[in-house]
Amino acid sequence: MKKENWPALSYQDAKGTYETIHLWTQIAGKVKLTQMPWINHSWHTTLFVSPRGLTTGDIPSENKHFQINFDFIDNELQIVTSQGESNSFDLKNMSVAGCYKNVIGCLKDFGIDVKINTTPNEMVDPIPLDKDEQHNEYDPEHASKWHTVLLNVDEVFNKFRAEFIGKSSPVHFFWGSFDLAVSRFSGKEAPKHPGGIPNLPDWVAQEAYSHEVSSSGFWPGNEMLPFAAFYNYIYPEPKKFNDSHIRPKNAYYFKDMGEFILPYKDVQQSADPSKMLLAFLHSTYNNAADLANWDRKVLEKQVVS
C-alpha cells in the first residue's frame, strides 16, 4: 500500500498565490473556450490535473493543435504545438497582465490568432486580465503543496466517478470557480436555474444546471470560506437535504452556500485521508440521491458478490 502525502494547506498564507494562479487559469481557459465546440455544462472549457500541474489538454486551431500547461514543478507556463513549436515563461514574478501578453503573443507567433473576453468570470468588480498588474504573487512552495493535493483528490474523485454508470462529468478543474469537481446526473431535467452568478451570463448557468445534478469538489479556500475544503451540493435541492446525517462527523451543512462542507484539514490529519474523503463523497451523494428519488439501481454499478 502506498504511503499517502497530503500536505497542510493555509489559505491565509497562500491567498496571494491562489489568486494569481486563479486568474492565470482564466486566461488559458478562455483561450480554450474560443477554440472548442460547446459540450454540455461547459465541459469543453475546463482544465485537467497533470503530473506537473494543470493543462488545457489538446486544443485545435486552424492549422495545428496546441496545449497550454502550468508546470508547478519547474514553475513555468508552457505552450506547445503539434508542429514541434514550444515556448515557456517563468511563473515567478509574472503578473496576470504579463501572463495574458505571453500567452496571446506566443500563440500569435505560432500562427494562432486568439481573441478572448478579458473580463474574469465569477468575480465581483474584477480587473481586466490584460490590465491586471496587481496580481503577481507566486510562491512555488504554496503552488507545489496545492498541486500535490490536486493529484490526490483527482485520484479519489476518479475512483468515486468509476462507481457510477449514469451520466457523469470528467474530474475537471473549473477556472471560473477555481475548484476541482466531479458531477453525477439523474437524467431528469431540472427547473430553470435563476442565474445571478457574478460576471457569468445567466444562460451559461442555466445550461450548466439544465438537469438534476449532484456535484462534489475541492477548493483551496476563498473569502466566503477561508480554508481549504471539500463540498457537495445537489440541484435542485430536495427537502430535508440540509438535515441529512453526513459522514464523517466533521462535515456540516453551510447554509450561506447551500452545500455540505468537509474541511480539508480534517481529511489531511486523518489516519486514512482517501478513506475519509470517499466516505464524505458516498454519504453526501447517497443522501441526495435518495431524497431526490434518483433511480440508483439504474445509475450505479451493482456489486456482484
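**Exercise 1. A polar side chain in strand E10**

Which backbone oxygen does the side chain of Asn-232 reach at 3.2 Å? Describe the surroundings of Asn-232 in this predicted model.

*Solution.*
Step 1. Locate the residue: Asn-232 belongs to strand E10, which covers residues 229-235.
Step 2. Classify its accessibility. The relative accessibility of Asn-232 is 0%, and buried means under 20%. Asn-232 therefore counts as buried.
Step 3. Identify the partners of the side chain. The side chain of Asn-232 reaches the backbone oxygen of Ser-215 at 3.2 Å. It also forms a polar contact, at 3.0 Å, with the side chain of Ser-216.

**Exercise 2. The nonpolar cores**

Determine which residues of the largest nonpolar core touch the most other members, and which helix gives the most to this core.

*Solution.*
Step 1. The largest nonpolar core has 75 residues. Within it, Trp-146, Phe-218 and Phe-230 touch the most other members.
Step 2. The helix that gives the most to this core is H1 (residues 11-35), which supplies nine residues.
Step 3. Another core, of 15 residues, lies apart from the largest one. Its members include Trp-43, Val-213, Trp-219 and Tyr-233.

**Exercise 3. Strands E4, E5 and E6**

Trace the pairing of E4 with E5 and of E5 with E6, and examine the two hairpins.

*Solution.*
Step 1. Strands E4 (residues 65-71) and E5 (residues 76-81) run antiparallel and are joined by six bridges. As an example, Phe-70 has Leu-77 in E5 as its bridge partner.
Step 2. In the hairpin of E4 and E5, four residues stand between the strands. Asn-75 takes a positive phi there, near 55 degrees.
Step 3. E5 also pairs with strand E6 (residues 86-90), in the antiparallel sense, over five bridges. Here Val-80 has Ser-86 in E6 as its bridge partner.
Step 4. The hairpin of E5 and E6 likewise has four residues between the strands. In this hairpin Gly-84 has a positive phi, near 85 degrees.

**Exercise 4. A nonpolar surface patch**

Is Trp-38 buried, partly exposed or exposed? Relate the result to the surface patch that contains this residue.

*Solution.*
Step 1. Trp-38 is placed in the loop between H1 and strand E1 (48-50).
Step 2. The relative accessible area of Trp-38 is 40%. Buried means under 20% and exposed means over 50%, so Trp-38 is partly exposed.
Step 3. Together with Leu-33 and Trp-203, Trp-38 makes a nonpolar surface patch of about 320 Å².

**Exercise 5. Backbone features of the loops**

Find the cis peptide bonds that involve Pro-236 and Pro-248, then examine the phi angles of Lys-240 and Asn-93.

*Solution.*
Step 1. Tyr-235 and Pro-236 are joined by a cis peptide bond with omega of about -10 degrees. Pro-236 is placed in the loop between E10 and strand E11 (252-254).
Step 2. The bond from Arg-247 to Pro-248 is also cis, with omega near -10 degrees. Pro-248 lies in the loop between E10 and E11.
Step 3. Lys-240 is found in the loop between E10 and E11. Although Lys-240 is not a glycine, its phi is positive, at about 75 degrees. With 63% relative accessibility, Lys-240 counts as exposed.
Step 4. Asn-93 is not a glycine, yet it has a positive phi of about 65 degrees. Its place is the loop between E6 and helix H2 (96-109). Since its relative accessible area is 73%, Asn-93 is exposed.

How values were computed. Residues numbered from 1 in each chain as written. Predicted model: local features only at pLDDT ≥ 70, side-chain atom pairs only at ≥ 80, totals over all residues. Heavy atoms only, no water. Core = buried A, V, L, I, M, F, W, Y, C linked by side-chain atoms within 4.5 Å. Buried < 20%, exposed > 50% of the residue type's maximum accessible area, 1.4 Å probe, protein only. Pairing = 2+ DSSP bridges. Patch = residues over 30% accessible without salt bridge, like charges linked within 9 Å, V, L, I, M, F, W, Y side chains within 5 Å. Areas by Shrake-Rupley, 256 points an atom, 1.4 Å probe, with all protein chains shown as cover. Salt bridge = Lys/Arg side-chain N within 4 Å of Asp/Glu carboxyl O. Polar contact = N/O pair within 3.5 Å; in protein donor to acceptor, adjacent residues only side chain to side chain.
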